[in-house]
Amino acid sequence: MNAQPRRVEHLQTDKGSVPVYTTAVIEQPWSTYSATDHAVWTQLFRRQRELLVGRADEEFLRTQDAMGMGEDRIPKFDELNRMLRARTGWELIGVEGLLPELTFFEHLANKRFPVTWWIRTPERLDYLSEPDLFHDLFGHVPLLMNPVFADYMQAYGQGGVRAHGFGPEALAQLTRLYWYTVEFGLINTAAGLRIYGAGILSSKGESIHCLDSPAPNRIGFDLERIMRTRYRIDTYQKTYFVIDSYQQLMDATRPDFAPIYARLTNEPTLPAGEVLATDRVFSRGSGEGWSNDGDV
Ligand code: HBI
Ligand code: FE
């Protein structure tokens, strides 16, 4: 028998909030969710869906519906897995919290997406410093139904496993790539800029900020630029990177990263808020839509 799934969260210590890592793979303890757990799902689901119409990539919203993710109750991993396996060969596995990097990469390389089994409490609806079930399921899972995006996630995991031989700087660069694409990415669609990053999709405030606020930079995707750009985890992003298509992500990730790591060891990292002369900057024109100043 498996042990009882634990709820592994950051610890408050005299050094501040410290992440705790866990490696167990567990069965989703669905029958143990309380009425409050389901109510938190319902409230967050409704709130985000309302906000994300016209903000999220239309494919994300359509796929969420097609998978049967709805507001009524916390979805069952088993049910989502039937659709995922058939479509892209991915499966969800239950985990207790943050995984060590190598463990995380190995799961992705084998098309297993780790989903935290527990959901946040009503007292902390708006901000958590670690993934919970709402972030993982609502934010990450729908795009795993897209074959190109799913291949990117696998390639990322494989790259992560290889990067372990290259030392901490290579790992930091790969983490930035995940951060600025999978978690906080924007996509330039025919209808305008849209959200596809799960860290935005699961956050009310950031869903608004990333598109509506004049403060952040929105810069065209550039692999090496991203791998040099530092980020903050405790505020809204100062910069979002914009892809033209999921194919662009996959194509950028296909080459061997070894020469890139070698080249970047000589380049300084960049602060999150800086704009370079070579950046393709997106801005709101006088009309409604977004335009790309740099590359007309
Ligand atoms: N573990 N469960 C979980 N979910 C994540 O998104 C995650 C992780 N461990 C490490 C990690 N992300 C990051 O280091 C990424 O850089 C890859
Ligand atoms: Fe995430």
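In which sense do strand β4 (residues 91-95) and β5 pair, and over how many bridges? In this predicted model, the two strands run in the parallel sense, and 5 bridges hold the pairing together on paper. They belong to an open sheet of 3 strands, laid out in the order β3-β4-β5, with mixed pairing. The edges of that sheet are taken by β3 (25-26) and β5, each of which has a single partner strand, so one side of each is left without a neighbour in the sheet.

The mixed character shows up once the other pairing is brought in: β3 and β4 go together in the antiparallel sense, over 2 bridges. On that side of β4, V25 sits opposite V95. On the β5 side, E91 stands opposite R112, and I93 has P114 as its bridge partner. To get from β4 to β5 the chain passes through α4, and this β-α-β crossover is right-handed. As for β4 itself, 4 of its 5 residues are buried, so the strand is largely enclosed by the rest of the structure.

The connection into β5 has a small backbone oddity. K111, in the loop between α4 (101-109) and β5, has a positive phi of about 60° even though it is not a glycine. Most residues other than glycine have a negative phi. K111 is also partly exposed, because its relative accessible area is 23%, which falls between the 20% and 50% cut-offs.

A second parallel pair turns up further along the chain. Strand β8 (residues 217-220) is joined by 4 bridges to strand β9 (residues 239-243), and the two run parallel. I219 faces F241 of β9 across this pairing. Between the two strands the chain goes through helix α10 (residues 223-228), again as a β-α-β crossover that is right-handed. In a regular strand the side chains alternate between the two faces of the sheet. In β8, N217 and I219 point one way while R218 and G220 point the other way, and all of these residues are buried.

Now for the metal. The iron ion (ligand 2) is coordinated by H135 and H140, both through NE2, and by E183 through OE, at 2.0 to 2.1 Å. Along the chain these donors follow the spacing H-x4-H-x42-E. The site therefore brings together distant parts of the chain: H140 belongs to helix α5 (residues 133-140) and E183 to helix α7 (residues 168-183), with their positions 43 residues apart. Both H140 and E183 are buried.

Ligand 1 has its own set of surrounding residues: G97, L98, L99, E101, F104, F105, P131, Y156 and T175. Three polar contacts to it can be listed. A nitrogen atom of ligand 1 is 3.2 Å from a polar backbone atom of G97. Oxygen atoms of ligand 1 take part in the other two: a polar side-chain atom of E101 lies 3.3 Å from an oxygen atom, and a polar side-chain atom of T175 lies 3.4 Å from an oxygen atom. Taken alone, ligand 1 exposes 390 Å², and the protein buries 89% of that.

Two loop prolines round off the picture. P122 is found in the loop between β5 (112-116) and α5, and its 42% relative accessibility is why it counts as partly exposed. Its C-alpha atom is separated by 19 Å from that of L51, with the two residues 71 apart along the chain. P268 has its place in the loop between α12 (258-264) and β10 (282-284). At 52% relative accessibility, P268 counts as exposed. Measuring C-alpha to C-alpha, P268 and G16 are 28 Å apart in space and 252 residues apart in sequence.

Conventions. Residues numbered from 1 in each chain as written. Chains lettered and ligands numbered in written order. Predicted model: local features only at pLDDT ≥ 70, side-chain atom pairs only at ≥ 80, totals over all residues. Heavy atoms only, no water. Buried < 20%, exposed > 50% of the residue type's maximum accessible area, 1.4 Å probe, protein only. Pairing = 2+ DSSP bridges. Right-handed = clockwise from strand over helix to strand, strands pointing away. Donors = N, O, S within 2.8 Å, 3.2 Å for Na, K, Ca; no water. Near = heavy atom within 4 Å. Polar contact = N/O pair within 3.5 Å; in protein donor to acceptor, adjacent residues only side chain to side chain. Areas by Shrake-Rupley, 256 points an atom, 1.4 Å probe, with all protein chains shown as cover.
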